[in-house]
Each structure stands twice: as structure tokens, then as C-alpha cells.
Amino acid sequence: MSERTVRTTCPYCGVGCGVLATVAEDGSLGGSVTVRGDPDHPANKGRLCSKGTNLPDTLGLEGRLLHPEVDGRRATWDEAIAAVAGRLSQTIERHGPDSVALYVSGQLLTEDYYVANKLVKGFLGTANIDTNSRLCMASSVAGHKRGFGADAVPVTYEDLELANLIVLVGSNLAWCHPILHQRVLAARQARETRIFVVDPRRTAAVDGADGHLAIRPGTDAALFNGLLVHLADRGVIDARFVAENTAGLAKTLEAARADAPSVEQVAAVCDLPAEQVVAFYAEFETTRRVVTVYSQGVNQSSQGTDTVNAILNVHFLTGRIGQPGMGPFSVTGQPNAMGGREVGGLANQLAAHMGFEPEEVDRVRRFWNAPAMATKPGLKAVDLFRAVDEGRVRAVWVMATNPAVSMPGAGRLRQALEKCETVIVSDCIADTDTGRLAHIRLPAAGWSEKDGTVTNSDRTISRQRAFRPLSGEARPDWWIVTQVARAIGFAEAFPYETPAHVFREHAALSAFENGGARAFDIGDLADLTDAEFETLAPAPWPRRLGGEPTRRLYTDGRFFTADGRARFVPVTSRPLPRSRSTGSLMLNSGRLRDQWHTMTRTGLSPRLSAHAPEPCLDIHPADAEARGLTDGGLARIATSVGTALARVRVTEAQRPGEVFLPMHWTDRFTGSCVIGRLVDDEAVDPVSGQPDLKRMPVTVEAYAPAWTGFLITREAVEPSHGGYWSRRAVPGGHLIELAGEGALPDLDALAFGFAGATVDYSDGARGILRRAWLTHDRLEACLFLSASGGLPGRGWLVELLSAEALEAPARRALLSGRSPVPMVDEGRTVCSCFGVGINRLVAAIQSQRLTTVQEVGQALKAGTNCGSCIPEIKEVIADAQRCHVA
Ligand SMILES: Nc1nc2c(c(=O)[nH]1)N[C@H]1C(S)=C(S)[C@@H](COP(=O)(O)OP(=O)(O)OC[C@H]3O[C@@H](n4cnc5c(=O)[nH]c(N)nc54)[C@H](O)[C@@H]3O)O[C@H]1N2
Ligand SMILES: Nc1nc2c(c(=O)[nH]1)N[C@H]1C(S)=C(S)[C@@H](COP(=O)(O)OP(=O)(O)OC[C@H]3O[C@@H](n4cnc5c(=O)[nH]c(N)nc54)[C@H](O)[C@@H]3O)O[C@H]1N2
Ligand code: SF4
Ligand SMILES: [Mo]
């Protein structure tokens with residue numbers, strides 16, 4: 001069979017790893033796909049993490065949206081485009097341009113993003129287009145603009161390898177940017193780089209670090225103000241850099257002294273032992289090559305922008321910027337968060353790093369020949385959906401994001417969308433929480449089918465290339481927007497036939513009347529031929545026409561402010577806007593290693609879904625005990641705006657008084673654990689408009705179900721018994737854990753209309769109900785319920801889904817739930833690259849007396865690909881040794 005290998009880029013995180021995708025061309029749609037890391041890509045040099053490695057699991061047709069739908073009915077593209085164009089135009093006619101809005105995403109390609117932004121800001125006459133980057137990078141963008149005069153990240157990935165100290169602030173790099181973390185760990189091996197982590201939780205990034213500051217949430221600005229004071233007092237000042245290349249130190253230092261006069265004061269505010277603060281300050285003081293990496297623990301805060309500037313301030317004071325191995329580094333989350341910033345996807349930006357100054361508006365107007373140029377910023381995400389709620393925005397088009405889950409205040413947002421006149425959703429997946437609220441659903445091309453560019457955390461533009469045909473009637477987002485623009489009447493300004501066509505215009509705008517004033521300039525790429533675009537190698541920006549290629553920025557000490565000087569920004573840390581009331585805990589939220597956001601794609605992969613099978617609330621042992629919660633039990637969680645049910649994980653990795661929930665689960669995967677329903681949208685950064693997503697007062701109590709159970713099924717069904725359920729992908733189908741109150745539910749009520757003949761087993765005295773559905777000896781589904789807790793393991797039953805027909809012994813044993821022959825149940829997956837479960841790991845460690853990660857790797861391969869599971873393997877080894885001694 002012939003095979004084809006295509007160079008492309010991973011669709012998940014902002015590391016932007018190069019992927020070599022090989023398709024077996026067997027004539028059927030797509031054929032089978034294998035992926036490996038691209039050894040020639042500068043970001044990953046051949047490696048992939050667990051999510052990248054398991055990409056082929058997400059490429060099937062299962063769950064895809066395959067044709068347009070208008071008002072619940074299948075429609076042709078012509079009808080759908082006409083409906084979108086018609087409804088947007090009518091709304092504008094009746095209620096003015098500001099009555100429509102687009103809410104887009106850092107998961108669009110640059111070409112998609114450019115066209116959407118152009119349509120709204122140049123042609124619809126409003127700047128009401130905002131992006132989920134508002135929830136993600138907005139504070140970094142605002143902080144960069146204040147400090148550098150431009151939103152341009154100074155460092156490159158190599159700087160992580162050249163640094164002697166890496167400080168991770170509010171970044172779980174080990175799980176969220178795994179390949180970068182691997183690069184950091186490799187550098188540590190080679191040159192003893194030191195790593196300090198500032199995070200309220202003991203995350204996987206703390207494994208292998210030299211210091212962990214388990215800081216009180218929301219107090220990072222005080223920590224860095226204190227550091228500024230400490231450095232100034234110790235004379236660790238790059239006097240020449242400060243004098244020639246910066247402005248504003250005096251006022252900034254004054255503010256910092258008032259805010260953080262002493263180490264003791266900082267320690268008290270941050271709730272840290274003073275020795276830890278001293279140790280961290282000393283490390284920073286004595287190491288010139290420092291990269292400070294920061295992410296959502298900093299950005300997603302009502303003082304995110306100030307915290308970003310508090311970090312930039314210490315780098316300016318010490319002149320640690322623009323040279324090898326040093327600088328502040330905001331790592332981007334989404335694959336094209338950076339590209340979105342280039343095209344001006346945020347409501348307060350214009351394209352190509354321009355803003356709403358009159359000459360900038362005029363420049364973009366002339367370049368686009370735009371008839372209805374927006375002249376003032378549009379609504380930022382939180383305000384945008386409030387405007388929908390209040391009826392000021394009457395038509396909203398959501399593209400490549402799932403706000404019904406990821407926006408704070410998602411409960412109210414859902415109600416707002418329900419009553420909104422026109423809701424359009426473009427997604428590659430048919431059934432999402434947001435998609436359910438849409439009048440018009442547009443099938444978008446997915447990864448493997450789409451074609452264009454993305455820009456990663458260190459400003460490297462890479463090609464995402466299509467290597468399979470479009471599924472069903474799915475179309476690329478740039479194409480969809482282009483058709484709508486033409487149908488509204490802007491055909492001339494939207495002549496695009498290919499992504500290359502869009503890219504050239506984007507590149508030309510970046511250079512238009514630039515003259516070195518704007519950081520983002522890729523003028524050198526404006527004349528690429530289609531063939532050159534096709535083969536474009538990873539290309540960092542800036543890349544000015546005729547200029548020298550630049551890699552690291554600010555090497556000459558010049559910044560993008562009017563006078564070329566970096567700006568110190570005075571920062572006064574503020575107390576948290578939300579305080580805990582008695583008995584409540586503080587809810588933190590974020591990511592798990594193997595899921596991507598709202599799970600629409602990673603949730604399709606059995607391997608990825610086995611690492612964290614259910615939504616889990618992490619809680620400190622003391623808080624658990626006080627509430628009667630047990631590890632593995634269930635908890636009911638409530639905030640002022642919503643409630644949830646989740647599995648409990650008791651862990652010392654949490655600070656007392658704080659709990660953590662993953663952001664990933666949706667109504668499609670569990671009964672009730674949507675993060676956006678728990679967090680309100682009241683606390684917002686005043687400069688960036690980024691909502692505070694990491695701190696919400698919450699009460700937690702035990703949920704003691706009267707019965708528990710599970711359902712194994714080929715179809716993805718959603719129970720509606722009102723209690724707890726959570727579904728995950730397994731090979732050949734789905735495993736749904738169940739729990740509920742009251743009497744055992746009626747089996748017929750929970751039957752979901754499964755096909756096949758049924759076999760039942762019940763034992764009233766023990767409160768047991770079991771049923772299996774079979775067609776011609778093929779297992780369709782099986783349901784096990786118990787009022788007494790005793791349930792069999794799921795492993796063997798799940799394996800039966802992969803059998804075309806059950807053998808007689810298996811059929812006989814089916815309703816006992818126990819394999820007729822002994823087998824190892826893998827249990828929860830630890831290594832997702834090689835599918836090694838906790839049970840196999842423990843068995844091997846015990847029987848073969850394995851004592852190191854290397855030995856485990858030799859025996860089971862676990863941990864030898866991406867390495868993200870190494871911290872967990874270490875824990876398992878430590879546990880096994882502890883048990884052995886005891
Ligand atoms: N596996 C996986 N990787 C991803 C993603 C994913 O969904 N899954 N998403 C991508 C995206 S879009 C993004 S934005 C990035 C996010 O990457 P990260 O920002 O690293 O991830 P988070 O888990 O959101 O939050 C990071 C840490 O901030 C800590 N934190 C909370 N409050 C505070 C505080 O007040 N101070 C400090 N110092 N820390 C605090 C949390 O405990 C958490 O460990 O990940 C990207 N990579
Ligand atoms: N409480 C809390 N909330 C958070 C966060 C947090 O840490 N805590 N993190 C925030 C952050 S940093 C982020 S980035 C957001 C992420 O939140 P979202 O953006 O809402 O999450 P995704 O699941 O990535 O949504 C992407 C959607 O686009 C679809 N999609 C994928 N590819 C394409 C494509 O090419 N075209 C189209 N049209 N659709 C596509 C997917 O199927 C999916 O439905 O969540 C934010 N919300
Ligand atoms: S680190 Fe993992 S998720 Fe991020 S781009 Fe690389 S392979 Fe993809
Ligand atoms: Mo993000």
C-alpha cells in the first residue's frame with residue numbers, strides 16, 4: 001500500500017511541535033494515520049507529548065459535524081451561507097453594527113483569523129470580535145504593551161536551554177507545555193539549570209525543581225515587588241541599561257517599597273516561610289541568566305496585567321533581557337494564540353499589531369479599502385456575552401471555542417444564548433455544549449484537513465498542512481467567512497481562493513507603512529508563491545523585507561515605545577477581590593496532562609481518557625477530613641452561581657483551604673461538572689479585561705449516593721437519572737460510571753433504547769441489578785447497579801466490546817463481571833504513550849524490584865517517549881518502597 005508523509009504542526013498547545021503524519025493511502029476516506037515528531041522542527045526536534053502521540057485517535061468520523069444545519073434542519077452550503085449573511089445583515093440594518101459580534105479562538109489558523117477580523121472590523125463596521133485569548137493571554141498582551149511598547153515576546157526556546165535559573169510562575173509546564181518542560185529538564189541534566197516553581201499546588205512541574213513556593217493565590221505581584229526591592233537594596237542593578245534603555249524606575253521602586261517593604265512582609269502576604277522567600281530572592285540575585293516563565297496562574301487574575309509588569313520590572317532592573325538565556329517569557333496556551341495577536345483578534349486591537357489610534361485606524365482603512373472601518377474598540381468577552389444577555393448584541397457567531405463551558409458565568413451565558421435571536425456556531429464536532437444552543441451550525445474542517453499557518457510561543461510561524469480530504473461537507477473556516485463576506489456584498493475585498501492568498505495579504509499589511517515602528521513585520525513573506533507557501537519552513541518573526549533575520553528581541557536595548565525605552569510600571573498589589581467566607585474553600589482550576597480543554601477531541605481517545613477517568617476535586621487531607629470526604633468518594637461542590645458533583649482526590653499537593661478542579665468536563669461527559677458554571681464573571685482585570693478564573697469561593701460537602709454502578713456501551717449515551725455520571729472513551733465504546741440517590745433506578749428507565757436481546761440478573765436482598773444487551777453474541781451494552789457498593793472491575797467487561805462475538809465461557813461469566821481466565825486489569829493509565837496502567841506498573845515494580853524510572857522504562861517502556869509521566873512513575877516507585885518497608 002502506498003504511503004505519504006506530510007510535515008505539519010500539532011493542533012494543541014503553544015509549543016507548536018512539528019509533526020510528521022503518515023497516511024496509508026488505501027483508497028478509503030483518509031486511510032489510517034500514524035504520527036511522529038518532526039526531527040527537523042526547531043520546537044520539538046522529533047519529540048511529541050502524550051496528546052501529540054495520540055492524535056490518530058481523534059481523526060475518525062465519530063462525532064464530527066459533517067453538514068451545515070439551519071434551524072435544526074440539514075442545509076446546503078448555499079442555504080447556510082445565505083442564512084448567516086442574511087441574518088447578520090438584517091440585524092445590522094435594524095439595530096446597527098454593534099448588535100452583531102463574533103467570538104473566535106486561538107485555535108483558528110492565522111488565515112481564518114485574519115479574514116474573520118477583517119470582515120468585522122473593516123466591513124461590518126464594529127470591533128465586536130473578541131477571542132478566547134481574552135481568557136488566556138490578554139493580561140500578558142497588556143503587560144507587554146505597557147512594558148515593551150509592543151506585544152512582542154523577547155526570548156526564544158533556546159534561551160530556556162541557555163539559562164542558569166528558570167522560574168515557573170503559575171505555569172504547570174510539565175503538563176501544559178510538556179515538550180518545553182522536557183527541554184528544560186534536559187538542559188538541567190547538561191548544565192545544572194536550577195528551577196523554581198511558584199504555584200499554590202505541588203504540580204508535576206515541581207518534580208525535579210530546586211524550590212517550590214506554594215504561594216497564597218493572587219499574591220504574586222507582592223512577591224515580585226519584594227524581589228525588586230531586594231535587588232535594588234543589594235545593588236543588583238544594571239545601571240547602564242536602566243539609565244539608557246528604561247524609564248520610570250524611581251516611581252516604580254517607590255511603589256514597590258510601599259507595597260513590599262521587607263521579606264517578612266512579603267512572606268506574610270504570600271503565606272510562605274520567610275526562608276523560602278529569602279532563598280528564592282538569593283537565587284535570583286546571584287544568577288544573571290534567568291528566564292521567568294509565566295502562564296495562567298499570572299494571567300487569569302484580576303491583577304494579571306500588574307503581575308506581568310511586576311515580573312518585567314525585575315528583568316529591566318537587572319538588564320536581564322535581550323541577551324542569551326534571560327528574559328521574561330509568557331508561554332502561549334493555544335496553538336495559534338500568538339497568530340491571533342498578530343492579526344488583532346482581540347476586540348481592543350486592530351490587525352498587524354495596530355490599535356485604535358486615529359492614524360492606525362486610517363492606515364488599516366486604506367490598506368483594506370474598508371467601507372466601514374471600526375474606530376473604537378469592541379466588546380471584550382465578558383462584556384460581549386453580557387451584551388447578548390441584555391439584548392444589545394442580537395446575533396453572535398462563535399468559532400472554534402466552547403464558551404458554554406469555558407467562559408466564567410457560563411450558566412447565565414447559556415441562558416443568554418437561548419434567548420438570543422441568532423446564534424451561529426462553527427465547529428468540527430457536532431454535539432458540543434455551545435453547539436446545542438445554536439440556530440445555525442457550520443461544519444469546520446479539522447486538523448489533518450485544514451491548511452495554513454500557526455505561530456507558537458517563541459514567534460515561530462509553522463505550517464499546518466492538510467494530509468487528508470475534507471470530511472463530509474466540512475470546510476475551512478477562512479473559506480466559510482469568505483463566502484459569508486461575499487454574500488453580504490464584499491466580494492471584491494474577499495477574493496481569497498487559498499490560504500496562501502490570505503497569508504500574503506496578512507504579511508503585506510504587517511509591513512505596510514511599518515518602517516521598524518511595529519514589532520510584527522513579516523514583509524519578507526508577502527510575496528511567497530503558492531509553491532513557496534506550500535514548502536515554507538518554520539519561520540520566526542520579525543522577518544522584515546531585506547532586513548537581517550532577527551531571533552531574540554531587544555538585543556540592542558531598544559523597545560517599541562515612542563522614545564525606545566522600556567517602561568517600568570509601578571505596581572501595588574491588591575487584596576483578592578473575592579474573599580472566602582467561613583467554611584468555604586478557594587476554588588482553583590486548570591488543566592490535566594492528557595485532556596485538551598473541553599475534551600471534544602482528546603475525549604475521543606481511550607488512552608488519553610484513561611489518565612484521569614473522571615472529574616476529580618483535589619483537596620487537602622485536613623479539609624477532606626473536616627467535611628467527611630474520602631479519597632475516591634464523591635463531593636457536591638457549590639459556589640454562588642452554580643453546583644457540581646465530582647470524584648474526590650485527597651492530596652497533600654493542595655494547600656489547606658484550597659481545592660482544584662480540572663476545566664475539561666462538559667455536559668457531554670458528566671452529569672454536572674462544568675467549570676464555567678462554578679466561576680462567576682464578576683472579577684475582571686481592569687486593564688486587560690481578563691477574568692479571574694483561578695479563585696472562586698466554594699463550599700464542598702460529601703455526596704453519599706444510595707447506589708453506584710456503571711454502564712459499558714458502544715454508543716455515547718447520556719444518563720438523566722439526576723445523580724452522578726461520568727463517561728469516558730474506551731476501546732470500542734464508552735464506560736459510564738453512575739451513582740444516585742433513592743431506590744435503585746428501574747432498568748427499563750435506564751435502558752437508552754439499546755438494541756439486542758437482554759439478559760438480566762438481580763438479587764433484591766443484596767440490592768444488585770445487572771443487565772446485558774447482545775445481538776448475535778456481540779455485546780452491545782451492559783449495566784451493573786448496586787446498592788451495597790460491590791461492583792466488579794471494569795477491565796474485562798470493557799475488553800468484551802472489542803470482540804465481534806462472545807465465546808461461550810465469556811457469555812456465561814458476563815453478568816458476574818469476572819473474567820473466566822485470570823487477567824491483569826491495567827487500571828488508570830499512567831503512561832499514555834505506551835498505554836501502561838497503574839496496576840501493571842505496580843505489579844512490575846513489585847515483582848521485578850524496580851527502583852528507578854530508568855529500570856521501569858527498560859521493563860515496560862513507560863516514561864521513555866514524552867516523559868510527562870515520569871513524576872507519577874516516581875511517586876508509584878516511592879509508594880511501593882514505602883509499602884515494602886512497612
Ligand atoms: N494538557 C493540556 N495542555 C494544555 C492545555 C490543555 O487544555 N491541556 N491548554 C493550553 C492552554 S490554552 C493554556 S492557556 C495553557 C495553560 O498552561 P498553564 O497556565 O500552565 O495551566 P493551568 O493549569 O491553567 O494553570 C497553571 C497553574 O497556575 C496555578 N495557579 C493558580 N492560581 C495561582 C496564583 O495565584 N499564583 C500562581 N503563581 N499560580 C497559580 C495553578 O495551580 C496551576 O497549576 O496550557 C496549554 N496546554
Ligand atoms: N475556570 C477556568 N476556565 C477557563 C480556563 C481555566 O483555566 N479555568 N482556561 C481558559 C483558557 S486559557 C482557554 S484557552 C479557554 C479554552 O476554552 P475553549 O476554547 O472553549 O475550549 P476548546 O475545547 O478548545 O474549544 C474549541 C472548540 O473548537 C472546536 N474546534 C477545534 N478545531 C476547530 C477548527 O479548526 N475550527 C472550528 N471552527 N472549530 C474547531 C472544538 O471541537 C471545540 O468545540 O478556556 C478558558 N476557561
Ligand atoms: S507539547 Fe504536546 S500538545 Fe504541545 S504542541 Fe507539542 S506535541 Fe502538541
Ligand atoms: Mo488558553
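Modeller: Helices and strands are here DSSP runs, helices of H or I with at least four residues and strands of E with at least two, numbered from the N terminus. The model is predicted.

Colleague: Where does Pro542 lie in those terms?

Modeller: Pro542 falls in a loop, with strand 19 (539-540) before and strand 20 (566-567) after.

Colleague: Is the peptide bond from Trp541 to Pro542 cis or trans?

Modeller: The general idea is that most peptide bonds are trans. The bond from Trp541 to Pro542 is cis, and its omega is near 0°.

Colleague: What is phi of His597?

Modeller: Most residues other than glycine have a negative phi. For His597, phi is positive, near 40°. This residue sits in the loop that runs between strand 21 and helix 23 (606-609).

Colleague: Is His597 buried or exposed?

Modeller: Buried means a relative accessible area under 20%. His597 has 14%, so the residue counts as buried.

Colleague: Which other residue has a positive phi, near 50°?

Modeller: Arg849, again a residue other than glycine. The loop that holds Arg849 connects helix 28 (838-847) and helix 29 (853-860).

Colleague: Is Arg849 buried or exposed?

Modeller: The cut-off for exposed is over 50%. Arg849 reaches 58% relative accessibility and therefore counts as exposed.

Colleague: Turning to the ligands, how many residues surround ligand 1?

Modeller: The shell of ligand 1 holds 34 residues, and the closest are Asp199, Gly218, Ser295, Arg591 and Gln595. By class, this shell has 10 nonpolar, 16 polar and 8 charged residues.

Colleague: Which backbone atoms should I look at around ligand 1?

Modeller: Take Trp175, where a backbone N or O atom is 3.2 Å from a nitrogen atom of ligand 1. At Gly297, the backbone N or O atom lies 3.5 Å from an oxygen atom of the ligand. At His597, a backbone N or O atom is 3.0 Å from an oxygen atom of ligand 1. On its own, ligand 1 exposes 910 Å², of which the protein buries 99%.

Colleague: What kind of space does ligand 1 sit in?

Modeller: A cavity is a space where a 1.4 Å probe fits but cannot get out. Ligand 1 occupies the second largest cavity. Three elements give two or more residues to the shell around ligand 1: helix 6 (173-176), helix 13 (296-299) and strand 21 (585-590).

Colleague: Which residues are closest to ligand 2?

Modeller: They are Gln107, Ser406, Asp427, Lys450 and Thr598, out of 32 residues that surround ligand 2. The shell divides into 11 nonpolar, 15 polar and 6 charged residues.

Colleague: Which side chains place an N or O atom beside ligand 2?

Modeller: Ser589 is one of them, with a side-chain N or O atom 2.9 Å from a nitrogen atom of ligand 2. His597 has a polar side-chain atom 2.9 Å from an oxygen atom of ligand 2. For Thr598, the distance from a polar side-chain atom to an oxygen atom of ligand 2 is 2.6 Å. Ligand 2 taken alone exposes 920 Å², and the protein buries 99% of that area.

Colleague: Which cavity does ligand 2 sit in?

Modeller: Ligand 2 sits in the largest cavity. Strand 15 (422-427) and strand 21 each contribute at least two residues to the shell of ligand 2. His597 is worth a second look: its backbone has an N or O atom 3.0 Å from an oxygen atom of ligand 1, while its side chain has a polar atom 2.9 Å from an oxygen atom of ligand 2.

Colleague: What surrounds ligand 3?

Modeller: The residues are Cys10, Tyr12, Cys13, Val15, Gly16, Cys17, Leu48, Cys49, Lys51, Gly52, Pro178 and Ile179. Helix 1 (50-53) and helix 7 (178-191) are the elements that give two or more residues to this shell. Its classes are 9 nonpolar, 2 polar and 1 charged.

Colleague: Away from the ligands, is Asp667 buried or exposed?

Modeller: With a cut-off of under 20% for buried, Asp667 qualifies because its relative accessibility is 15%. Asp667 belongs to the loop between strand 25 (658-662) and helix 25 (675-678). Its side chain makes a polar contact of 2.9 Å with the side chain of Arg414.

Colleague: Where is Glu505 found?

Modeller: Glu505 is part of helix 21, residues 499-511. At a relative accessible area of 18%, Glu505 is buried.

Technical notes:
Residues numbered from 1 in each chain as written. Chains lettered and ligands numbered in written order. Predicted model: local features only at pLDDT ≥ 70, side-chain atom pairs only at ≥ 80, totals over all residues. Heavy atoms only, no water. Near = heavy atom within 4 Å. Polar contact = N/O pair within 3.5 Å; in protein donor to acceptor, adjacent residues only side chain to side chain. Areas by Shrake-Rupley, 256 points an atom, 1.4 Å probe, with all protein chains shown as cover. 1 Å grid on protein atoms, 1.4 Å probe; cavity = no way out; pocket = protein on both sides within 12 Å on 5 of 7 lines; lining within 4 Å. Sits in = over half its atoms within 2 Å of the grid points. Nonpolar A, V, L, I, M, F, W, Y, C, P; charged D, E, K, R; others polar. Buried < 20%, exposed > 50% of the residue type's maximum accessible area, 1.4 Å probe, protein only.
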